Amino acid sequence: MDDRRILQELSRHEALRLLAGVAMGRVVFTQRALPAIRPVNHLLDQGGVIIRTNLASSVTDTVIRRPDIAVA
């Protein structure tokens, strides 16, 4: 049996289609120079992804302090 995994790049359309099919996802951002991963509820709105966070969450705090930060 072949257990190798293959990385496959998705188009934006395919990624959004898959994302629309689930209610929970993960958001990745940098916190204290390390990657941080948090589970989030999300929804799609005209091609944009909206995540629900608490105002006191580490995601919100990081994005407010560093608006140029990459969030995935």
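**Exercise 1. Find which residues Leu44 touches, leaving out residues up to four places away in sequence, and describe where Leu44 sits.**

Solution. In this predicted model, Leu44 touches Leu16, Leu19, Ala20 and Val49 once residues up to four places away in sequence are set aside. Next, place the residue: Leu44 belongs to strand β2, and its bridge partner in β3 is Val49, a residue that also appears among the contacts of Leu44. Then turn to helix α1, which spans residues 12-20 and packs on the sheet, where the helix touches β2 and β3 and takes a direction at about 80° to that of β2. Finally, consider exposure: the relative accessible area of Leu44 is 30%, so this residue counts as partly exposed, given that the partly exposed class lies between the buried limit of under 20% and the exposed limit of over 50%.

**Exercise 2. Work out the order of the strands in the sheet and say which strands are at its edges.**

Solution. Begin with the order, which is β1-β2-β3 in an open sheet of 3 strands with antiparallel pairing. The edge strands are β1 (24-31) and β3 (48-52), each of which pairs on one side only. From one strand to the next, the twist averages 55°. As a last step, look at one pairing by itself: β2 and β3 are joined in the antiparallel sense over 5 bridges.

**Exercise 3. Decide whether His42 is buried or exposed, and describe its surroundings.**

Solution. Start from the location, which is strand β2, covering residues 34-45. The relative accessible area of His42 is 12%, and therefore His42 is buried, since the buried class is defined as under 20%. For a polar contact, follow the side chain of His42 to the backbone oxygen of Val22, which it reaches at 3.2 Å. Val22 is also among the residues that His42 touches, a list that further includes Leu19, Ala23, Met24 and Gly25, as well as Val49, Ile50 and Ile51, with residues up to four places away in sequence not counted.

**Exercise 4. Explain why the buried residues of α2 line one face of the helix, and state what they pack against.**

Solution. First locate the helix: α2 (residues 58-65) lies across β1, β2 and β3 and runs at about 45° to β1. Its buried residues are Val59, Thr60 and Thr62. Viewed down the axis of α2, these buried residues fall within an arc of 165°, so they line one face of the helix. That buried set packs against β1, β2 and β3, whereas on the other side of α2 the residues Ile64 and Arg65 are exposed.

Note on methods:
Residues numbered from 1 in each chain as written. Predicted model: local features only at pLDDT ≥ 70, side-chain atom pairs only at ≥ 80, totals over all residues. Heavy atoms only, no water. Helix = DSSP H or I, 4+ residues; strand = E, 2+ residues; numbered from the N terminus. Buried < 20%, exposed > 50% of the residue type's maximum accessible area, 1.4 Å probe, protein only. Polar contact = N/O pair within 3.5 Å; in protein donor to acceptor, adjacent residues only side chain to side chain. Contact = heavy atoms within 4.5 Å. Pairing = 2+ DSSP bridges. Axes fitted to C-alpha atoms, helices over the stretch in contact; angles between N-to-C directions. Arc of directions from axis to C-beta.
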